[in-house]
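Thanks for coming. I will go through some salt bridges and one helix pair, and then stop.

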Amino acid sequence: MMVPAAFRNEPFRDFSTDGARREMSEALRAVGGELGREFPLWIDGQPVRGAKTFRSMNPSQSDQVVAVLHQAGREEVEAAVRAAGRAYESWRWVPAEEKSALLMRAAHLLRSRRMRAAAWMCYEVGKNWAEADGDVAEAIDFIEYNAREVLRYAQGRPLPPYDGEMSEYTYIPIGVVAVISPWNFPLAIPTGMAIGAIAAGNTVVMKPASDSAAVAFQTLEALTEAGLPPGVLNVVPGPGGVVGEGLATHPGVRMIAFTGSREVGTHLFELAAKTPPGQTWLKRIIAELGGKNAIIVDDEADLDEAVAGLVASGYGYQGQKCSAGSRVVATPKVYGRIADALVERVRRLEVGPAPENYPAGPVINASAAQKIMEYIEIGKGEGRLAAGGGRARDGGHYIAPTVFLDVAPDARIAQEEIFGPVVAAIPARTFDDALRIANGTAFGLTGSVYSRNPEKLAKARREVMCGNLYLNRKCTGAMVGTHPFGGFNMSGTDSKAGGPDYLLNFLQPKVVAHKYR
Ligand code: NAP
């Protein structure tokens, strides 16, 4: 059996070097020349024109069309599910080594065009260069990681012998998987979910988010060029309520792999529980949802490190990460100093167009900007506005990085996911009080604790209830392999993407016991 080298994370590009800056500028120029390009649907290995089209727009320059997407309707959803169902009958039997080698080729192809993929992201979703590069690197990691996992799962599990019998425990695929993804990691997340399904031997109908549908085609291109058979991955952009819901309720779909908001995720959970006529299985669902992540800064913390972590976690990609540190919880001796340093650093964040690589870019679209502004108005009644608090500039969806101080733990801006550059600082009475505040929301995705006291860190390790807890580091930037990712409670089903249990979500174990004569 082919044994690939051990998995290693794709290194990030260093944009302080002339070479990387030049490459990115060239990619932005080249992709800039393609803006407005049409993307047909992709069904059964063929481009398909939809009856309607829709546009994705550049959030940094809101009148600029990035891509024209063909839109799926009921008919195309039906065709895609059928194509995936047919392809499943052969893809399910493809040996693990073959699937693994194909995924390795796809990772290589995506790597060879990583700047181009990142450039599409700068235009379509407003990521600056490092954020876009990180997203592509994570997508490559998901492919490479699962290309190895497929070989491991193919070995099955040993079972204790029973007299006169041979028993085997194998993992087999389950069928057609609907992949429904958000716009904020427009390459890494749809790639991660689709590759999980495909590596396990399933076939996929992917519905990318409408704001970021062009980026998702980068993975399709790499997989198709690597030799993925027709029908194994179908891509059908279109409105969530029509295409996403059409897939989620389809009797031919065996599983829903969703990442997105709590609101849509809980709705899909309900839909998945129904068994429409003709459906002969219980639909499986993984749903990775939002967060209201807390960063605790203790009296005994290294304050410089803590403030750097707060800024990176709270304002990286404008706070539009499920893992964003949107609550700062500090104990009495350091609260004032942390608040002052945070406000000072946040006021200095320069806001501007993502393709020009400003540290703070736009939020995704006009309705997100509107929703964030509404939360800022709510915040004015719940805390002390100390930085930002309004629109930052014209031409795109720019919101000034915002800090609210002295917020109560149960305030709306301390409980609800805002998904923008808005952080609430909450004073805690003691370290134990800080732990209680951190655990005091319906979510449980990520969290950080800064302290030099080993006993407090040990307590936090036990008591902070979130899927990904970080000690003395920021709460964003999970690495495939090292930080398998997924949340507790209303943050989702904790599927731990990029970890050793992830493929299990897409497999079913089968036991065969063979009695000797
Ligand atoms: P969203 O509004 O829930 O949308 C996610 C996907 O669901 C999109 O493709 C959307 O399509 C589709 N959709 C919308 N309504 C639907 C319906 N009724 N039935 C089926 N599908 C439907 O989330 P988003 O704004 O794209 O993403 C931001 C959210 O994702 C945040 O809450 C963030 O925390 C969460 N997130 C979580 C993780 C994690 O790993 N836990 C990672 C990233 C993001 P349209 O685009 O066409 O509306």
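Let me begin with a question: is lysine 127 buried or exposed? Before the answer, a reminder that this is a predicted model. Lysine 127 has 0% relative accessibility, so it counts as buried. Its side chain forms a salt bridge with aspartate 135, and the closest N and O atoms are 2.9 Å apart. What about the partner? Aspartate 135 is also at 0% relative accessibility and therefore counts as buried.

Aspartate 135 takes us to the helix pair, since Asp135 is one of the α5 residues that meet α6. Helix α5 covers residues 129–153 and helix α6 covers residues 188–199. In general, two packed helices are described by the angle between their axes and the distance between the axes. Here the axes come within 8 Å and cross at roughly 10 degrees. Angles under 35 degrees count as roughly parallel, so α5 and α6 are roughly parallel to each other.

Which residues make the contact? On the α5 side they are Asp135, Glu138, Ala139, Phe142, Ile143, Asn146 and Val150. On the α6 side they are Ala188, Thr191, Gly192, Ile195, Gly196 and Ala199. Sorted by class, that contact has 7 nonpolar, 4 polar and 2 charged residues.

Back to the salt bridges. How many are there in the whole structure? The search finds 29. I will pick out two more pairs and a network.

One pair is glutamate 344 with arginine 348, where the N to O distance is 3.0 Å. Glutamate 344, at 42% relative accessibility, counts as partly exposed. Arginine 348, at 55%, counts as exposed.

The other pair is arginine 436 with aspartate 433, and there the closest N and O atoms are 2.5 Å apart. Both residues are in helix α14, residues 431–438. They are 3 residues apart in that helix, which means a separation of about one helical turn. Is aspartate 433 buried or exposed? At 5% relative accessibility, aspartate 433 counts as buried, while arginine 436, at 48%, counts as partly exposed.

Last, the network. Salt bridges link Glu10, Arg111, Arg114, Asp133, Glu144 and Arg148.

To recap: lysine 127 and aspartate 135 are joined by a salt bridge, and Asp135 also belongs to the contact of α5 with α6. That is what I have; comments are welcome.

Conventions: Residues are numbered from 1 along each chain as its sequence is written. This is a predicted model: local features need pLDDT of at least 70, side-chain atom pairs count only at pLDDT 80 or more; totals for chains, interfaces and linings use all residues. Side-chain values use heavy atoms; hydrogens and water are left out. Axes are lines fitted to C-alpha atoms, for helices over the stretch in contact, and angles run from 0 to 180 degrees between N-to-C directions. Helices (H or I, at least four residues) and strands (E, at least two) are DSSP runs, numbered from the N terminus. Angles under 35 degrees count as roughly parallel, over 145 as roughly antiparallel, 65 to 115 as roughly perpendicular and the rest as oblique. Contact means heavy atoms within 4.5 Å. Ala, Val, Leu, Ile, Met, Phe, Trp, Tyr, Cys and Pro count as nonpolar, Asp, Glu, Lys and Arg as charged, and the others, Gly among them, as polar. A salt bridge is a side-chain nitrogen of Lys or Arg within 4 Å of a carboxyl oxygen of Asp or Glu. Buried means under 20% relative accessible area, exposed over 50%, partly exposed in between (1.4 Å probe, protein chains only).
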